[in-house]
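Visitor: Could you take me through one helix of this model up close, and show me how it sits against its surroundings? I'd like the inward-facing side chains first, then whatever they lead to.

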Amino acid sequence: MTKLLGISGALRKASTNTLLVHNAAALFGADEFTLADIDLPLYNGDVEEAEGVPAKVQTLADQIAAADAVIISTPEYNKAISGSLKNALDWVSRTKGGPWSGKPVAIMSAAAGRAGGERAQFSLRLAMMAFRPDILQGPEVLVANASNEFDDNGKLTNDRYIAVLTELMDALKAKI
């Protein structure tokens with residue numbers, strides 16, 4: 001039974017990154033798919049010392065550890081990943097067991113700009129380097145002008161994007 005975890009770096013309900021995660025998961029075809037909740041309190045070392053790791057953070061770390069593979073879609077906020085995604089990475093780094101170590105991870109992005117979140121993907125790779133996941137190096141899925149690339153049902157409509165997303169999901173399956 002294949003378990004796939006999806007992480008959208010955007011908290012907005014109508015996020016194109018969340019739509020992209022769902023499209024990727026459908027193409028992957030896992031037996032079990034979970035969309036992670038990264039709406040977490042801001043990391044604060046004083047809170048961690050006084051109260052420990054919040055339950056929602058531990059749940060996320062446990063989901064990462066239990067997954068056979070992880071897909072992450074990040075928006076580009078000011079030429080980097082979103083604060084909510086960085087915060088989630090920071091919190092998970094404080095949990096025990098190193099859930100990211102060796103984990104197959106595919107990254108992608110959907111952004112309003114014409115580069116489709118290219119800088120955010122670079123930023124995400126840099127932020128995750130210390131965790132030692134097995135991040136696929138390609139193909140790159142960079143959905144530009146993202147608000148116009150999904151239909152009313154949340155399906156990706158551009159054949160070029162669908163083809164490269166399919167190729168990325170096939171490469172991720174091959175890592176398992």
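Guide: Sure, let's go with helix 3, whose buried residues are Val 57, Leu 60, Ala 61 and Ile 64. Keep in mind that this is a predicted model. Residues three or four places apart on an α-helix point the same way, because there are 3.6 residues to a turn. Looking down the axis of helix 3, you find its buried residues within an arc of 95°, so they line one face of the helix. As for its length, helix 3 has 12 residues and spans 16 Å from first C-alpha to last, close to the 16 Å expected at 1.5 Å a residue.

So what sits over that buried face? The cover includes strand 1 and helix 4. Take helix 4 to begin with: its axis and that of helix 3 come within 9 Å and cross at roughly 85°. That crossing makes the two helices, 3 and 4, roughly perpendicular. On the helix 3 side, the contact is made by Val 57, Leu 60, Ala 61 and Ile 64, and they meet Ala 88, Trp 91 and Val 92 of helix 4.

Now step back to the wider packing. The largest nonpolar core holds 25 residues, and Leu 60 is among those with the most contacts inside it, along with Ile 7, Val 70, Ile 72, Trp 100, Leu 124 and Met 128. At least two core residues come from each of strand 1 (3-8), helix 3 (55-66), strand 3 (69-74), helix 4 (83-92), strand 4 (104-110) and helix 5 (118-128). Helix 4 gives the largest share, 5 residues.

Trp 100 is a good place to see these pieces meet. Leaving aside residues up to four places away in sequence, Trp 100 touches Ile 64 and Val 92, which you've just met at the helix contact, as well as Ile 7, Val 70, Ile 72, Leu 89, Val 105, Met 128, Phe 131, Arg 132 and Pro 133. There's also a second, separate core of 24 residues, including Leu 4, Phe 28, Ala 144 and Ala 146.

One last stop, over in a loop: Leu 136 lies between strand 5 (134-135) and strand 6 (141-143). Leu 136 counts as buried because its relative accessibility is 6%. With residues up to four places away in sequence left out, Leu 136 touches Val 105, Arg 125, Leu 168, Ala 171, Leu 172 and Lys 175. Val 105 is also on the list for Trp 100.

Technical notes:
Residues numbered from 1 in each chain as written. Predicted model: local features only at pLDDT ≥ 70, side-chain atom pairs only at ≥ 80, totals over all residues. Heavy atoms only, no water. Core = buried A, V, L, I, M, F, W, Y, C linked by side-chain atoms within 4.5 Å. Buried < 20%, exposed > 50% of the residue type's maximum accessible area, 1.4 Å probe, protein only. Contact = heavy atoms within 4.5 Å. Expected span 1.5 Å × (residues − 1). Arc of directions from axis to C-beta. Axes fitted to C-alpha atoms, helices over the stretch in contact; angles between N-to-C directions. Parallel < 35°, antiparallel > 145°, perpendicular 65-115°, else oblique.
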